[in-house]
Amino acid sequence: MQPVTPTSARLEPTLFELSRPGRPGYRLPISGVPAGIGASAIPAAQQRASGPALPSLAEPQVVRHYTRLSQLNLCIDSQFYPLGSCTMKYNPKINDELASLPGFADLHPMSDSESCQGALALIHGLQEALCALAGMDGFSLAPLAGAQGEFAGLLVIREHLRRKGETGRDTILVPDSAHGTNPASATLAGFNTLQVPSNDRGRVDLGKLKEALNDRVAGLMMTNPSTLGLFESEILAIADLVHQAGGQLYYDGANLNAIAGIARPGDMGFDVVHINLHKTFSTPHGGGGPGGGPVGVKAHLIPHLPSPRVERIETDAGARYEFRFDIDTSIGALSCFWGNFGVLVRAYTYIRHHGAEGIRDNSRCAVLNANYLKALVAKHFPPAYSGVCMHEFVLNLREADIGGQRAIGVAKRLLDYGVHAPTVYFPLVVPEAFMVEPTETETPETLEQFAAALEKVREECLTQPEVIDGAPWTTPVRRLDEVTAARNPVLVE
Ligand SMILES: *Cc1c(COP(=O)(O)O)cnc(C)c1O
């Protein structure tokens with residue numbers, strides 16, 4: 001990974017800019033229909049006076065344009081992408097291929113259960129596999145993203161409490177290291193949120209948790225390992241405390257890469273869990289979707305799971321599968337039809353392909369890779385917390401030997417070395433946080449190259465701070481004004 005010489009990289013022109021009049025990329029066969037026929041059926045006021053203003057280009061121009069566009073962003077198929085918490089691991093292409101088999105991809109969303117038994121068997125099989133992996137009794141695959149899984153899970157808890165007449169429980173506890181979607185989902189589901197501070201080991205402070213527990217608490221949302229990459233060693237005690245206080249325990253399993261096949265949220269005492277299929281189970285998600293955030297629960301909450309669920313019915317003629325949309329104790333539907341079915345096919349294929357042992361090995365490699373990389377960089381980049389990490393680790397760049405430079409500068413300069421930047425400034429409890437998740441799909445050599453690139457950037461921080469301040473130099477667009485980009489987006493040309 002050599003730094004590329006600074007260039008003023010150019011943005012790809014639009015198809016309209018590349019267009020030349022009279023250069024169509026197609027030749028239509030003569031239709032044999034006399035001109036004017038058909039047009040006469042359209043009222044004169046609605047008829048076009050001239051053709052549509054479409055660009056006209058040769059086909060190879062179009063292919064090259066989109067191929068170049070596809071390469072403007074750093075991506076997992078061409079570069080290392082250690083984006084902590086988000087798990088940008090390599091997703092085997094075979095899973096995409098199976099998801100696009102015509103029998104899956106061409107299924108009509110209005111198909112009745114009778115005509116799509118294979119697809120229903122797959123959904124049911126995935127429900128069962130996720131139950132086994134998470135230690136839960138029931139799963140619904142309806143949620144379309146992690147945050148929607150959280151929202152659904154919290155509505156399930158709310159419905160459970162409502163039916164028990166415990167409507168006074170209106171507060172969800174959230175640790176201060178939690179993903180931002182946790183308090184957001186709790187608020188959206190109608191709860192107040194209360195933050196639980198971490199102790200100096202980055203774990204939930206048990207004393208503070210006890211103080212926060214009372215008869216207004218509906219539940220505690222936790223990520224374990226947390227977004228600090230740390231396993232909550234006191235999880236069983238935490239679960240007991242929350243249950244004794246009458247609360248439910250919610251597991252944010254968006255990223256299951258450290259524990260899948262090794263430990264199960266259900267065995268840790270959790271009542272509800274959501275899992276991001278697009279982080280752990282082989283759906284590419286660099287472009288922001290589609291995703292899948294199945295939500296699973298212990299037996300007492302199954303009646304409230306979102307619909308639809310697929311049930312297996314044993315008959316004399318063998319098993320049949322049936323969509324159930326009509327469960328009146330359910331919190332209801334979250335979207336039309338089935339959820340993101342292609343995502344479910346990829347996850348099912350991935351799980352069946354690897355099997356229990358393969359999934360366990362993947363988790364072990366993810367943890368091993370993270371610890372190896374942490375050790376490679378530790379000399380100049382101290383981790384925020386000491387000890388063994390899980391699938392990711394967080395560096396505290398305020399403590400790093402980088403001449404007072406900030407996490408944002410280091411992250412931006414790494415782009416010039418052909419590495420996607422790690423997650424920065426999250427979790428909020430670490431100053432100048434720099435969160436690295438190498439994933440199990442990278443080789444030791446790639447990790448060593450990343451450590452070497454980080455070391456070069458560190459030297460630049462000390463000797464050429466102006467290079468860091470101006471980075472990135474080689475990307476098609478340079479450092480953006482992110483506030484203006486969000487507040488005043490330019491959406492048309
Ligand atoms: C990614 C993530 C989420 C949110 O998942 P989305 O699919 O982006 O909505 C929630 N919690 C954690 C810990 C995550 O890493």
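Lys 89 is buried, with a relative accessible area of 3%. In this predicted model, Lys 89 forms a salt bridge with Glu 440, with 2.9 Å between N and O. Glu 440 sits in the loop between strand E12 (433-436) and helix H14 (444-463), and Lys 89 in the loop between helix H2 (59-70) and helix H3 (93-99), so the pair ties together parts that are 351 residues apart in sequence. Glu 440 is also buried, at 14% relative accessibility. The points below cover the salt bridges, a sheet of seven strands, the helices that lie on this sheet, and helix H9.

**Salt bridges**

- The count for the model comes to 21 salt bridges.
- Arg 413 and Glu 460 form a salt bridge through their side chains, at 2.8 Å from N to O. This pair links distant parts of the chain, with Arg 413 in helix H13 (residues 407-416) and Glu 460 in helix H14, 47 residues apart.
- Both ends of that bridge fall under the 20% cut-off for a buried residue: Arg 413 has a relative accessible area of 7%, and Glu 460 has one of 10%.
- Asp 326 and Arg 324 form another salt bridge, and their closest N and O atoms are 2.9 Å apart. Here Asp 326 is exposed, with a relative accessible area of 55%, while Arg 324 is partly exposed, at 24%.
- Salt bridges can also join into a network, as they do for Glu 114, Arg 320 and Glu 322.

**The seven-stranded sheet**

- Seven strands make up an open sheet with mixed pairing, and their order is E1-E7-E6-E5-E4-E2-E3.
- Strand E1 (138-140) and strand E3 (192-196) are the edge strands, each of which pairs on one side only.
- From one strand to the next, the twist averages 25 degrees.
- At the E1 edge, E1 pairs with strand E7 (residues 295-297) in the antiparallel sense, over three bridges. In this pairing, Phe 139 stands opposite Gly 296 in E7.

**Helices on the sheet**

- Helix H5 (residues 117-134) packs on the sheet and touches E1 and strand E6 (272-275). The direction of H5 makes about 125 degrees with that of E1.
- Helix H6 (residues 146-163) lies across five strands named here: strand E2 (171-175), strand E4 (217-222), strand E5 (248-253), E6 and E7. H6 runs at about 170 degrees to E5.

**Helix H9 and its two sides**

- In helix H9 (residues 235-244), the buried residues are Ile 235, Ile 238, Ala 239, Leu 241 and Val 242.
- Seen down the axis of H9, these buried residues fall within an arc of 165 degrees, so they line one face of the helix.
- The buried residues of H9 pack against helix H8 (206-212), helix H10 (265-268) and two strands, E4 and E5. Both E4 and E5 belong to the seven-stranded sheet.
- On the face turned away from the buried side, H9 carries the exposed residues Leu 236 and Gln 244.
- Just after H9 comes Gly 246, which takes a positive phi of about 85 degrees.

How values were computed: Residues are numbered from 1 along each chain as its sequence is written. This is a predicted model: local features need pLDDT of at least 70, side-chain atom pairs count only at pLDDT 80 or more; totals for chains, interfaces and linings use all residues. Side-chain values use heavy atoms; hydrogens and water are left out. A salt bridge is a side-chain nitrogen of Lys or Arg within 4 Å of a carboxyl oxygen of Asp or Glu. Helices (H or I, at least four residues) and strands (E, at least two) are DSSP runs, numbered from the N terminus. Buried means under 20% relative accessible area, exposed over 50%, partly exposed in between (1.4 Å probe, protein chains only). Two strands pair if DSSP finds at least two bridges between them. Axes are lines fitted to C-alpha atoms, for helices over the stretch in contact, and angles run from 0 to 180 degrees between N-to-C directions. Contact means heavy atoms within 4.5 Å. The arc is that of the directions from the helix axis to the C-beta atoms.
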